[in-house]
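Reader: Could we go through this structure together? I would like to begin with the cysteines.
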Amino acid sequence: MTDRPWTAHYVEGTRPEIDAVPYRHLADMARQAAGRYSEQLAFSQCMPNGMSASLTFARVDRLSDEFAAYLREVLKLSPGDRVAVQMPNCLAYPIVAIGVWKAGCVLVNTNPLYTPPEMAHQFSDSGATVLVILDMFADRLPPVLPKTQVKTVVLVSIAEFFPALRAAVVKFVLKHVRKQVPPVTVPHTRFAAAMKAGHGAVGRADLAAYVARVGPDSVAALQYTGGTTGVSKGATLSHGNLLANVAQLEEVSRKFLRRGQETVLTALPLYHIFALTVNFLLFYQIGGHDVLVPSPRPVTNLKAAFEKFPITWFTGVNTLFNGLLNEEWFRQSPPQNLVTSLAGGMALHSSVAARWHEVTGTPVVEGYGLTETSPVATFNPIGGTVKDGTIGVPLPSTDIRLLDEAGAPVPLGQPGELAVRGPQVMLGYWQRPDETTKVLGSDGWLRTGDVAVMDEQGYFRIVDRKKDMILVSGFNVYPNEVEEVIARHPGVAEVGVIGVPDERSGESVLAFVVKKDPALTEADVIAHAREQLTAYKVPRRVEFRTELPKTPIGKILRKDLRTLLAQSAPAAAPAATPAGQA
């Protein structure tokens with residue numbers, strides 16, 4: 001696809017192509033931002049009880065220099081060595097991440113909730129030799145470390161950089177009251193000791209030499225993902241990939257982002273690519289103040305941050321927006337300074353978007369991307385035409401085409417696999433040339449595994465993932481569509497839809513529902529769906545659950561719904577077909 005009909009719907013002043021990125025690498029970007037916004041607040045960490053601490057840009061710059069010196073001078077790492085980081089949103093995270101880049105090393109973001117087998121796989125696959133981990137998770141390390149190349153473990157407290165008295169209170173409560181900090185039985189270095197060593201070494205360090213050979217094509221991060229299919233693998237993201245995506249995002253929001261004046265609330269985890277690029281890198285570059293919340297669960301954990309800081313931007317996923325809207329404190333006192341909220345990670349339900357606008361008086365704008373695209377590929381134009389139910393239009397310098405099973409473009413309005421080409425597309429999968437070839441081929445177009453349609457104006461709508469599609473009597477049923485309809489029922493809090501084997505139709509639709517109204521019945525849900533869906537799309541059965549399995553960012557895991565179903569074999573038998581359903 002060479003035509004770009006979508007550029008006609010860019011907000012006035014948005015260019016179809018971004019300029020060359022003005023930084024050689026992420027360390028360069030961080031250094032320049034710190035120079036511009038030196039004494040302004042860069043990060044604050046806000047605990048659920050309102051206790052907080054902050055770092056200025058100048059302090060982040062100095063501390064990340066010291067961590068870089070610790071890695072290179074004390075641990076003797078080399079350029080390109082991998083450093084695994086396993087911690088939630090906290091003030092230590094940006095220090096470590098920027099320090100890794102300043103050292104010329106590679107960041108390996110790791111989900112803090114990973115099990116020992118998942119940790120062992122990621123550390124071993126990445127070849128990480130250093131692990132920076134929150135002390136609350138250290139009890140998982142004994143069976144993990146022998147299976148990896150990790151030589152140094154650095155333990156971080158959630159209260160790093162808090163004033164001494166506040167830090168002591170937080171540490172005491174976590175360790176002795178809540179019993180959430182386990183004994184450490186593996187050799188380790190405390191973060192404070194590592195920073196002290198780095199402070200002592202930075203004077204003899206040649207920081208410029210650390211990144212002398214680092215350029216736009218150098219690897220900056222390994223972001224592990226299931227990819228379009230299969231086992232978890234590292235998406236190899238270059239400095240150029242991440243910086244290009246930041247430049248693309250700034251281009252489409254330049255009329256609304258005020259340099260040095262924005263405050264973004266980061267509830268999504270920074271180890272996830274969405275928050276890493278949007279909340280961390282974009283807002284750091286423009287001198288924004290990033291308010292970090294260690295965990296958004298329960299959503300009441302966000303209350304103090306919304307009350308204490310003048311939040312102007314907020315990012316989330318559908319379940320997070322929906323969760324906040326179900327909180328009376330949020331509805332009664334929505335954020336007063338909010339400009340726009342950004343949604344990604346999963347489909348944003350139009351009903352949630354409408355309620356968010358009603359409660360806050362501001363839009364929530366949906367975009368689309370993948371780990372493999374650093375992550376943003378499309379957006380609904382901020383301040384322009386926002387089409388509910390769509391993922392908007394491609395970012396500047398980005399092309400998208402829809403392909404059939406043979407790899408040929410599909411006619412306008414027909415569903416096809418969404419393929420992306422642009423400067424934000426990853427280099428490939430870490431040490432997996434076969435998997436890289438499957439998704440990038442020889443032409444550089446990333447096959448996403450998502451099925452979409454494009455309208456005449458160039459707006460795209462995700463129909464579903466190819467592997468999640470349900471085939472009912474030869475008809476394609478896309479779970480997103482069914483979930484969107486069921487979510488509109490006032491008695492439904494959450495819904496996830498999967499396909500199950502069916503003797504008559506090959507597969508049938510099964511809906512897992514969390515009730516908002518305790519009186520809600522299976523018949524209510526099916527009747528509601530039947531009013532808005534053709535017969536073969538209507539769930540044949542509804543199962544009620546108290547909660548649904550989700551990723552750390554709140555995306556409902558359909559594969560885990562299938563596992564739940566398999567574990568309750570008697571319940572998995574096909575139910576009788578409701579009257580009138582084909």
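Author: The sulfur of Cys46 lies 14 Å from the closest cysteine sulfur, which belongs to Cys90, and this is too far for a bond. Please note that the model is a predicted one.

Reader: How far is Cys105 from the nearest cysteine sulfur?

Author: The distance is 20 Å, and the sulfur concerned is that of Cys90. Cys105 takes part in no disulfide.

Reader: How many disulfides does the whole structure have?

Author: A search of the whole structure returns zero disulfides.

Reader: Is Cys46 buried or exposed?

Author: Cys46 counts as buried because its relative accessibility is 1%, under the 20% limit for that class. Cys105 is buried too, with a relative accessible area of 0%.

Reader: Let us turn to the backbone. Which peptide bond leading to Pro298 is cis?

Author: It is the bond from Arg297 to Pro298, with omega near -5 degrees. Pro298 sits in the loop between strand E11 (289–292) and helix H10 (303–308).

Reader: And what is the geometry of the bond from Ser374 to Pro375?

Author: That bond is cis, with omega near 5 degrees. Pro375 is placed in the loop that runs between strand E14 (364–369) and strand E15 (376–379).

Reader: Why should such bonds be pointed out?

Author: They are pointed out because most peptide bonds are trans. Likewise, most residues other than glycine have a negative phi.

Reader: On that subject, what is the phi of Phe161?

Author: Phi of Phe161 is near 75 degrees, a positive value in a residue that is not glycine. Phe161 belongs to the loop between strand E6 (152–156) and helix H5 (164–177). With 18% relative accessibility, Phe161 counts as buried.

Reader: Where is Ser397 found?

Author: Ser397 is in the loop between strand E16 (393–394) and strand E17 (399–403). Its phi is positive, at about 65 degrees, although Ser397 is not a glycine. Ser397 counts as buried, at 10% relative accessibility.

Reader: Now the charged side chains. How many salt bridges does the structure hold?

Author: There are 30 salt bridges in the structure. In general, side chains of opposite charge can pair when their charged atoms come close.

Reader: Which residue does Glu250 pair with?

Author: Glu250 forms a salt bridge with Arg259, and the closest N and O atoms are 2.6 Å apart. Glu250 is buried, with a relative accessible area of 17%, whereas Arg259 is partly exposed at 39%.

Reader: What about Glu251: which partner does it have?

Author: The partner of Glu251 is Arg254, with 2.7 Å between the closest N and O atoms of this salt bridge. Glu251 counts as buried at 1% relative accessibility, while Arg254, with a relative accessible area of 41%, is partly exposed.

Reader: Where does Arg545 stand, and how accessible is it?

Author: Arg545 counts as partly exposed, at 24% relative accessibility. Its side chain meets that of Glu543 in a salt bridge, 2.6 Å from N to O. Glu543 is buried, with a relative accessible area of 10%.

Reader: Finally, which residues are joined into one network by salt bridges that share partners?

Author: The network joins Arg4, Glu17, Asp399 and Arg421.

Key: Residues numbered from 1 in each chain as written. Predicted model: local features only at pLDDT ≥ 70, side-chain atom pairs only at ≥ 80, totals over all residues. Heavy atoms only, no water. Disulfide = S-S within 2.5 Å. Buried < 20%, exposed > 50% of the residue type's maximum accessible area, 1.4 Å probe, protein only. Helix = DSSP H or I, 4+ residues; strand = E, 2+ residues; numbered from the N terminus. Salt bridge = Lys/Arg side-chain N within 4 Å of Asp/Glu carboxyl O.
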